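Work through the exercises below with the sequence and the 3D view side by side. Try each task before reading its solution.

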Amino acid sequence: MATVSLEDVRKVYRGGVAAVKGVSLDIADGEFISLVGPSGCGKSTTLNLIAGLEELSGGTLRIDGAVVNDLSPRERDIAMVFQSYALYPHLDVARNLAFPLKVAGLAREDIDARVREVAALLGLDALLSRKPKELSGGQRQRVALGRALVRRPKVFLFDEPLSNLDAALRTQMRGEIKKLHEQLGATFIYVTHDQAEAMTLSDRVVVMNQGEVQQVAPPRELYDAPANLFVAGFFGAPRINLVKPGTLGQPEADVVLGLRPEHLEVGQGEAPPGALEGRVYLVEPMGAESWVTVESAGERLVARAAGDFRVPTGAAVWLRYDASKLRRFDAKSGRAL
Ligand SMILES: Nc1ncnc2c1ncn2[C@@H]1O[C@H](COP(=O)(O)OP(=O)(O)O)[C@@H](O)[C@H]1O
Ligand SMILES: [Mg+2]
């Protein structure tokens with residue numbers, strides 16, 4: 001187990017693409033930390049720098065306090081799980097799991113014991129003699145996970161490991177990865193573009209955009225107190241409502257207001273005091289709740305309503321919000337005020 005620390009870490013690719021522009025981060029021993037952000041924001045590059053698969057253009061990387069800038073991936077004692085499983089097609093599951101240990105020169109009995117242990121942990125016992133082509137996508141990804149686990153590394157790195165799975169399986173594997181982290185107590189660094197994955201899995205989330213860290217915080221804090229408009233807009237489905245103060249009857253100029261859909265109440269009939277008036281633009285039933293888009297004062301606001309909310313498009317409705325829940329952002333810089 002290990003701490004990982006990044007100090008002003010930079011990567012400029014050949015041709016001058018600045019992919020990572022000075023990232024500083026202290027990851028605690030046993031922490032589950034996610035790097036999240038849109039495609040191309042530098043997540044994989046940051047992870048590859050930690051793994052030693054890419055060379056640093058600047059900054060310092062430490063694992064357990066020791067500088068590892070010039071160490072090979074092998075010497076860093078980390079394991080990486082990618083989106084593509086990259087299993088050996090001609091080897092069965094047991095041999096795929098054993099492979100990294102064979103390369104490391106472990107004794108036969110030790111290899112067998114570790115393979116059995118990891119197979120039990122991941123529910124692969126019954127599949128040990130199957131070839132990768134005889135496995136489902138989820139089972140293959142579990143084997144890839146197992147191949148990282150057998151080595152018992154200090155740090156696990158994951159790069160979008162669930163992206164190739166269908167939605168139901170993704171949710172299931174997400175839960176399994178979280179349980180695995182609880183059981184192992186190892187340091188997990190997890191890259192994803194999926195805000196829900198980052199929120200549900202992590203102790204802390206690192207939000208990146210264009211090679212720069214936007215905010216580092218526990219999921220709840222990111223959601224409740226986003227540092228800027230980018231972070232506010234990235235987390236939450238439906239998205240936070242971002243509106244001019246005039247729309248909500250607030251006086252300030254040069255300020256953008258953020259209001260989460262669950263803090264906006266929509267209703268029909270006589271409007272309560274202080275409510276806004278509007279018309280239903282769209283109702284999206286989601287089962288347990290409905291997302292209701294309302295047009296008011298020329299802007300569209302989304303409210304979270306009950307699952308059985310049924311009002312026709314164009315119907316007059318009122319909107320009420322809790323002013324204490326408003327987040328205020330500087331319209332120019334985007335920073336939270
Ligand atoms: N080998 C490379 N050579 C040049 N540019 C690269 C290379 N790998 C990634 N990039 C660029 O660096 C930026 C960050 O990429 P990446 O770290 O893969 O983003 P993410 O994983 O967040 O989608 C992108 O603009 C990408 O095009
Ligand atoms: Mg990537």
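**Exercise 1. Ligand 1 and its polar partners**

Task: Find which atoms of Gly42, Lys43 and Ser44 pair with oxygen atoms of ligand 1.

Solution.
Step 1. Start at Gly42: one of its polar backbone atoms is 3.0 Å from an oxygen atom of ligand 1.
Step 2. Go on to Lys43, where an N or O atom of the side chain is 2.9 Å from a ligand oxygen.
Step 3. At Ser44, a side-chain N or O atom is 2.8 Å from an oxygen atom of the ligand.
Step 4. Each pair fits the polar-contact cut-off, because that term means two N or O atoms within 3.5 Å (within protein, one must be able to donate a hydrogen and the other to accept it, and residues adjacent in sequence count only if both atoms are side-chain atoms).
Step 5. Now look at the cover: on its own, ligand 1 has 560 Å² of accessible area, and the protein covers 60% of that. Such areas come from the Shrake-Rupley method with a 1.4 Å probe; for residues, only the protein chains shown count as cover.

A note on the model before going on. It is predicted, and local features need pLDDT of at least 70, side-chain atom pairs count only at pLDDT 80 or more, while totals for chains, interfaces and linings use all residues. Residues are numbered from 1 along each chain as its sequence is written, chains are lettered from A and ligands numbered from 1 in the order in which they are written, and side-chain values use heavy atoms, with hydrogens and water left out.

**Exercise 2. The shell**

Task: List the residues around ligand 1 and name the helix that gives the most to the shell.

Solution.
Step 1. Collect residues with a heavy atom within 4 Å of the ligand.
Step 2. The result is Tyr13, Val17, Ala19, Pro38, Ser39, Gly40, Cys41, Gly42, Lys43, Ser44 and Thr45.
Step 3. Sort them: five are nonpolar, five polar and one charged. Here Ala, Val, Leu, Ile, Met, Phe, Trp, Tyr, Cys and Pro count as nonpolar, Asp, Glu, Lys and Arg as charged, and the others, Gly among them, as polar.
Step 4. Helix α1 (residues 43-51) gives the most, with three residues. Helices (H or I, at least four residues) and strands (E, at least two) are DSSP runs, numbered from the N terminus.

**Exercise 3. The cores**

Task: Find which residues have the most contacts inside the largest nonpolar core.

Solution.
Step 1. Look for buried Ala, Val, Leu, Ile, Met, Phe, Trp, Tyr and Cys residues joined through side-chain atoms within 4.5 Å. Buried means under 20% relative accessible area, exposed over 50%, partly exposed in between (1.4 Å probe, protein chains only).
Step 2. The largest such core has 34 residues, and Leu145, Phe156 and Ile177 have the most contacts inside it.
Step 3. Elements giving two or more residues to this core include α4 (137-149), β7 (155-159) and α5 (167-184).
Step 4. Beyond its neighbours within four places in sequence, Ile177 is in contact (heavy atoms within 4.5 Å) with Phe32, Leu145, Pro161, Leu162, Phe188, Tyr190 and Leu201.
Step 5. A second, separate core has 28 residues, among them Leu47, Val155, Ile189 and Val206.

**Exercise 4. Buried or exposed?**

Task: Classify Asn241, Asp308 and Glu109 as buried or exposed.

Solution.
Step 1. Asn241 sits in strand β11 (residues 241-243). Its relative accessible area is 4%, so Asn241 is buried. Its side chain reaches the backbone nitrogen of Val302 at 2.7 Å.
Step 2. Asp308 is in the loop between β16 (299-306) and β17 (316-321). Its relative accessibility is 63%, so Asp308 is exposed.
Step 3. Glu109 belongs to helix α3. At 58% relative accessible area, Glu109 is exposed too.

**Exercise 5. Backbone details**

Task: Find which residue is joined to Pro238 by a cis peptide bond, and where Asp8 and Gln210 lie.

Solution.
Step 1. The cis bond joins Ala237 and Pro238, with omega about 0 degrees. Pro238 is in the loop between α8 (229-234) and β11.
Step 2. Asp8 is in strand β1 (residues 4-12). Its phi is near 50 degrees, a positive value in a residue other than glycine.
Step 3. Gln210 is in the loop between β9 (204-209) and β10 (212-217). Phi of Gln210 is near 50 degrees, also positive.
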